[in-house]
Amino acid sequence: MNEAIATSVEAGLSAVATALMVATPVETPVEDEPPPEDEERVSSQALLILVTLLIAALLTSYYLQRWRIRTVHETVLSIFAGMAVGLVLRFSTGSYIKRIVTFDHTVFFNMLLPPIILNCGFNLQRTSVARNATAVLTFAFVGTVISAVVIGLIVQAYSLTGIESIGFSLLDSLLMGTILSATDPVTILAVFEQLRVDPKLFSIIFGETVFNDAVAIVLFATLSTLRTAGREFTLSAVPGMAASFIGVFSASLALGVALGVGLALLCKHLQLYNYPSIEAALALLVPYQAYLLSNSLELSGIVSLLFCAATMRQYAYRSLSVRSKRTTRYLFHLLSGLAENFVFIYLGISLFTSTETVFRPVFVIYVTVATCISRYAAIFPLSRLLNAIFKYRHPSAPSSAQPVTHEEQTMLFWAGLRGAVAVALASEVSGTSGALLRTTVLCVVVLSVAIFGGTTPQVVHLLGIRTGVPQPDSSDDDNDSDSDDRRAIIDLSTGPQSRVLTDDTPPPLSRFSSPWSETNESWISRIKISFNSLDRSLIYDIDKYYIQPMLTRKRHPSSVAGNRPYRRHRSNHSRRSSSGDSLEADQTDEYNSHNAHAGSSLGATVRATNATWNSYSPSEDDPNWESDLGNSKGRNEHPLLGSR
């Protein structure tokens, strides 16, 4: 463990030292742009370099996964490969190619960041973020503010000493703290997926980084407004900043939810399921529209995109056809993966191709240590507070039931590496301190990825965190996790009147129905637990029985008689489309393949249910018995096998 950390530190410091030797505080003269007839050729050469590095990164990822190499992750190799290519480009090509391959914050915010946030918001429901919402929101909102303030004060203290003539004002220091408070643990989450760590830890880190980026960007915009107006930061400006933050965040959230609801209504009332390509295209473009619209209104595009994607996944996704569901799920994951790998290559190249570099080595190391201190201050005290509140409400609970255990706290601290969001925010800073701030942030990002990202597997093993745990909410098979995707589980514990539990069923409230809450706690605590459980159940019932019927199709159009593309008794060669393709044959094969998969996984459950089926008839008004495996609503049908 220590050797791995030492190796990562040496590699990062050597890269920074190399950057120090080749960097210069004087802006290099910009050569004339190539003539129009050569501009396309030069641009193609620059893009060829980036695409070649991306292909190399994907092949590296393949071999690392095939050979099960856990000591290093492909994102770390990508950033070092980009640094090597950037070092070659610095001395071998003209300024035009270097300017194309250098990190551009407009390209990042408009092209690379949206796919990543879209995939995060789309998968937000499929993780256990809701079950750990208290810890996630505490770290994302309170922790981000603490981290920004701590870094800002430490940087301001260094500036007041006069070492290296930094000359940062308090506002500049807080602005740098806000930039470096944006975490980006893409590497660690990728390692977690490969190792299959505890879903609880994965959900906390995943949710914290998603909301953390949104909070950091809104805070940065608020401080940038003060800086642009030429005002200094004072305590009297805090209430106005807080009001501005709340207003921007709330308006962005409302805008994203509104567009997500609009997409859900379109999918419900239009027959888009007959045109899967249009359906999937709308699912991709509407969240992007929310992002661009929010940015054009000077709101937070990342917040609008995040909540638009989450709303789309909750409501619009249920009305999509099966093909569109598969397309959107894999397309979002593919675009996010390509964008993440491209970002790390982009950062590595930019370390040596940037034309405006003001390098202060002592300041870089000082700020790196400051980010570690701020991360400690944002994780451990808040974790102790959450555990203390939980212990007060559950006096007899074991330590393993705490919201954040000590091992999880340490892993959260280690997951606080910085990434492309910080570099993009730093690129928007101008003025006399802009070049120094951008260079320092870029170097800190490279060091954090090399040190923390490169040693994650060793830290997981050292802390004894559970690995190889099945991920129940991140299924990647062809069957979707919604009730309209024909996956059901029969609960036989209630006798003849057993109900069909789908993935829409609320998660078990283990924290509120645990043994100690029934036997050892006072009656006041049990009353509080009952109210909390009632609140969760009420929210779930309102969503399932009131909101979802308004925004989704309770039954997919493909399962309604007269409009069903999946026909059981039609021949595979019954009809052909005008183009000559057997459309119905493809749909019938897809239906039969799906039934075979569902039958193999639920066969034992169906056989166990047959004994109790004859004594129970489902009610037409009981929504729990609605299943796409039946032929029509209201018939006296078995929930899995159809008519008796």
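At what angle do the axes of helix H10 (residues 238-269) and helix H12 (residues 301-314) cross, and within what distance do they come? In this predicted model, the two axes come within 7 Å and cross at roughly 35°, and the crossing in which H10 passes H12 is right-handed. On the side of H10, the residues that take part in the contact are Phe249, Ser252, Leu253, Leu255, Gly256, Val257, Leu259, Gly260, Val261 and Leu263, and in H12 they meet Val303, Ser304, Phe307, Cys308, Thr311 and Met312. When the residues of this contact are sorted by character, 11 are nonpolar and 5 are polar, while no charged residue is found among them.

The protein that contains this helix pair has 21 helices and 4 strands. Of its 644 residues, 50% count as buried, and the accessible surface comes to about 29400 Å², of which 61% belongs to carbon and sulfur atoms. Among the contacts with a separation of 6 or more, 80% are accounted for by residues that lie 24 or more positions apart.

The interior can be described through the largest nonpolar core, which has 140 residues and in which Phe108, Phe192 and Val441 are those with the most contacts. Helix H9 (residues 199-228) supplies the largest share of this core, namely 16 residues. The surroundings of Phe192 illustrate how one such residue is placed: when its neighbours within four places in sequence are left aside, Phe192 is in contact with Val197, Leu201, Phe202 and Ile205, and also with Met411, Thr456 and Val460.

Terms used:
Residues are numbered from 1 along each chain as its sequence is written. This is a predicted model: local features need pLDDT of at least 70, side-chain atom pairs count only at pLDDT 80 or more; totals for chains, interfaces and linings use all residues. Side-chain values use heavy atoms; hydrogens and water are left out. Axes are lines fitted to C-alpha atoms, for helices over the stretch in contact, and angles run from 0 to 180 degrees between N-to-C directions. Helices (H or I, at least four residues) and strands (E, at least two) are DSSP runs, numbered from the N terminus. A crossing is left-handed if the near helix is turned anticlockwise from the far one by less than a right angle, and right-handed if clockwise. Contact means heavy atoms within 4.5 Å. Ala, Val, Leu, Ile, Met, Phe, Trp, Tyr, Cys and Pro count as nonpolar, Asp, Glu, Lys and Arg as charged, and the others, Gly among them, as polar. Buried means under 20% relative accessible area, exposed over 50%, partly exposed in between (1.4 Å probe, protein chains only). Accessible areas come from the Shrake-Rupley method with a 1.4 Å probe; for residues, only the protein chains shown count as cover. A nonpolar core is a set of buried Ala, Val, Leu, Ile, Met, Phe, Trp, Tyr and Cys residues joined through side-chain atoms within 4.5 Å.
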